Amino acid sequence: MDKIINNNLFNKFIRLLYVATAIGAFTDIFDTSVVGGASASIISSLKITTPEFGLLGSMTFVGGLFGAISFGFLSDKIGRKRSFILTLLLFIIFELLSGLAPNYDSLLIFRIIVGFAIGADYVPAITLLSEFVEPDKRGSSFDFFWIIANVGALVAYIIAFLLVPLGALQWRILFIFGVIPPVMGLVLRSKLPETPRWLAVHGKIAEAEKAIDEIGLSRDNLPKYEKYIEPESKLMKPYIWGVTIPLFLVMLLNIPASGLLELTPVLLLSLHIPKSNTLLFTAGAWVTPVIIGNIVAFKLIDMLGRIKMIVIGAVGLGLSLISMVIFSSHAYFNVPLMLISLAIGGFIQSFYIPVIYSLSTELYPTEIRGIGQGISVGGIRVAGIIGILGGALLLTYYKVPGMLLTYAAICFGATIVTVFWMGKKTETNKKELEDISAIFVKE
């Protein structure tokens with residue numbers, strides 16, 4: 001555990017860090033939910049089909065794939081803080097342009113670049129949390145990140161509902177509103193220092209000492225931070241089979257999570273539920289339970305550990321999806337019970353989402369932490385593309401059962417990979433980052 005010499009200064013810094021990083025997550029999920037919340041107005045005003053809407057929704061994940069991987073490398077080269085600020089600047093410009101897009105084709109392009117910025121932002125944001133927060137609070141810090149993120153989803157769906165009377169203008173105003181949080185984030189992020197761990201492994205000892213003094217840590221931590229100064233290829237090699245490949249597969253759990261976040265209004269419309277009710281039902285039966293689940297997970301994640309949280313969340317969501325299939329079928333059609341199943345799924349998936357985003361940043365050593373996180377977030381973005389575009393296609397051609405049963409199968413498959421491939425070796429709960437790295441990187 002890092003030595004702290006000024007608790008008041010360090011705690012003040014940690015509060016700033018939590019908010020500055022979480023604003024990026026709020027921005028992401030608000031933006032993703034805007035597309036879902038404005039689905040009806042986008043489809044009608046741009047005169048597009050459900051698969052074309054699915055393509056539009058998946059564009060942020062396409063861009064996010066490239067953003068995560070490129071900024072994974074970049075954050076290791078230029079630092080966490082510079083990357084952290086660049087991503088928000090890029091998002092602000094192209095989120096505004098999304099609201100002003102003249103047609104479907106231009107909107108597709110803008111959404112790709114918005115997605116690039118979002119995917120890029122996760123890498124330095126989560127890496128900053130892992131490199132600053134104490135081991136016994138690291139899990140809850142990741143979960144706080146997602147509590148704020150899903151508040152963004154709830155806000156997006158509520159505003160979308162209130163703006164329904166504006167018709168074709170609804171989605172444009174929602175995108176423009178999306179610029180406000182990242183502007184606030186830029187101000188807060190400018191006050192954060194670069195992480196001493198990154199500075200130390202890049203030989204910037206004087207700057208590392210200054211950053212340590214600024215946040216109330218002891219300079220005695222520096223020798224520990226410098227521990228893994230090796231070529232990137234040498235550091236990466238031990239991780240490929242034991243971490244990178246299985247973790248990439250576990251990231252596919254974002255397929256059902258992203259698909260349900262964005263496609264639930266369309267799914268409910270396909271069951272002949274009135275348009276305005278689909279937004280309220282999505283906010284009440286998916287987004288709100290997700291937030292409640294995050295709050296519960298905040299207490300559990302550092303108690304149960306990362307692997308158990310993945311298993312509980314994945315199995316629980318899989319079973320909830322099967323229940324939704326039953327209650328949306330002709331024989332047992334029951335909207336209240338289907339919405340209850342959706343709510344249970346939203347609650348329980350909150351157990352694994354913070355973990356799949358954060359586990360890689362705990363496992364990889366400082367010098368390649370950005371790369372490792374970039375690969376994992378890239379996997380999550382691939383899952384988002386499949387979840388939204390694939391989900392829209394399944395909904396169009398195989399209806400509600402085809403979409404939900406496919407999502408459920410992914411949940412159970414990821415559970416098998418987590419238990420039998422990753423296992424106890426990749427448990428990071430309450431461990432010092434350098435101690436975790438020592439399991440894979442031999443001195």
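**Figure 1. Buried salt bridge between helix 5 and helix 1.** In this predicted model, Arg-111 is buried, with a relative accessible area of 1%. Its partner Asp-31 is likewise buried, at a relative accessible area of 0%. The two side chains meet in a salt bridge, with an N to O distance of 2.4 Å. Arg-111 belongs to helix 5 (residues 104-132) and Asp-31 to helix 1 (residues 7-37), so the contact ties together parts that are 80 residues apart in sequence. Both residues count as buried because their relative accessible areas, 1% for Arg-111 and 0% for Asp-31, fall under 20%.

**Figure 2. Salt bridge between Arg-197 and Glu-432.** The closest N and O atoms of Arg-197 and Glu-432 are 3.2 Å apart, and the two residues form a salt bridge. Arg-197 lies in helix 9 (residues 196-201), whereas Glu-432 is placed in the loop between helix 19 (369-422) and helix 20 (433-440); the pair therefore ties together parts that are 235 residues apart in sequence. Arg-197 and Glu-432 are both buried.

**Figure 3. Salt bridge between Arg-219 and Glu-209.** A salt bridge joins the side chains of Arg-219 and Glu-209, at 3.5 Å from N to O. Glu-209 sits in helix 10 (205-215), and Arg-219 in the loop between helix 10 and helix 11 (222-225), with their positions 10 residues apart in the chain. Arg-219 is partly exposed, at 42% relative accessibility. Glu-209 is also partly exposed, with a relative accessible area of 23%.

**Figure 4. Network of salt bridges.** Asp-76, Arg-80, Glu-131 and Arg-369 are joined into one network by salt bridges that share partners. The count for the model comes to 15 salt bridges.

**Figure 5. The largest cavity and its lining.** The model holds 3 cavities of 30 Å³ or more, and the largest has a volume of about 180 Å³. The lining of the largest cavity comprises 16 residues; those nearest the centre are Ile-29, Trp-146, Asn-254, Ala-257 and Leu-261. Two or more lining residues come from each of helix 1, helix 6 (138-162), helix 14 (254-270), helix 15 (275-304) and helix 18 (353-363). Helix 14 makes the greatest contribution to this lining, with 4 residues. By residue class, the lining of the largest cavity divides into 9 nonpolar, 5 polar and 2 charged residues.

**Figure 6. The second largest cavity.** This cavity encloses about 50 Å³ of space. Its lining is formed by Gly-24, Thr-27, Asp-28, Thr-87, Leu-88, Phe-91, Ala-117, Ile-118 and Asp-121. At least two of the lining residues are supplied by each of helix 1, helix 4 (80-99) and helix 5. The lining of the second largest cavity consists of 4 nonpolar, 3 polar and 2 charged residues.

**Figure 7. Nonpolar patch on the surface.** Leu-319, Ile-322, Ile-326, Tyr-332 and Leu-405 form this patch, and together they have about 470 Å² of accessible area. Helix 16 (residues 306-328) gives the most to the patch, with 3 residues. Tyr-332 is located in the loop between helix 16 and helix 17 (335-349). Tyr-332 counts as exposed because its relative accessible area of 57% is over 50%.

Notes
Residues are numbered from 1 along each chain as its sequence is written. This is a predicted model: local features need pLDDT of at least 70, side-chain atom pairs count only at pLDDT 80 or more; totals for chains, interfaces and linings use all residues. Side-chain values use heavy atoms; hydrogens and water are left out. Patches are made of residues with over 30% relative accessible area and no salt bridge: like charges are joined within 9 Å, nonpolar side chains (Val, Leu, Ile, Met, Phe, Trp, Tyr) within 5 Å. Accessible areas come from the Shrake-Rupley method with a 1.4 Å probe; for residues, only the protein chains shown count as cover. A salt bridge is a side-chain nitrogen of Lys or Arg within 4 Å of a carboxyl oxygen of Asp or Glu. Buried means under 20% relative accessible area, exposed over 50%, partly exposed in between (1.4 Å probe, protein chains only). On a 1 Å grid over the protein atoms alone, a cavity is a set of points where a 1.4 Å probe fits but cannot get out, and a pocket is an open set with protein on both sides within 12 Å along at least five of seven lines; lining residues have an atom within 4 Å of a point. Grid points are joined across faces, edges and corners, and a volume is the space filled by probe spheres set on the points. Ala, Val, Leu, Ile, Met, Phe, Trp, Tyr, Cys and Pro count as nonpolar, Asp, Glu, Lys and Arg as charged, and the others, Gly among them, as polar.
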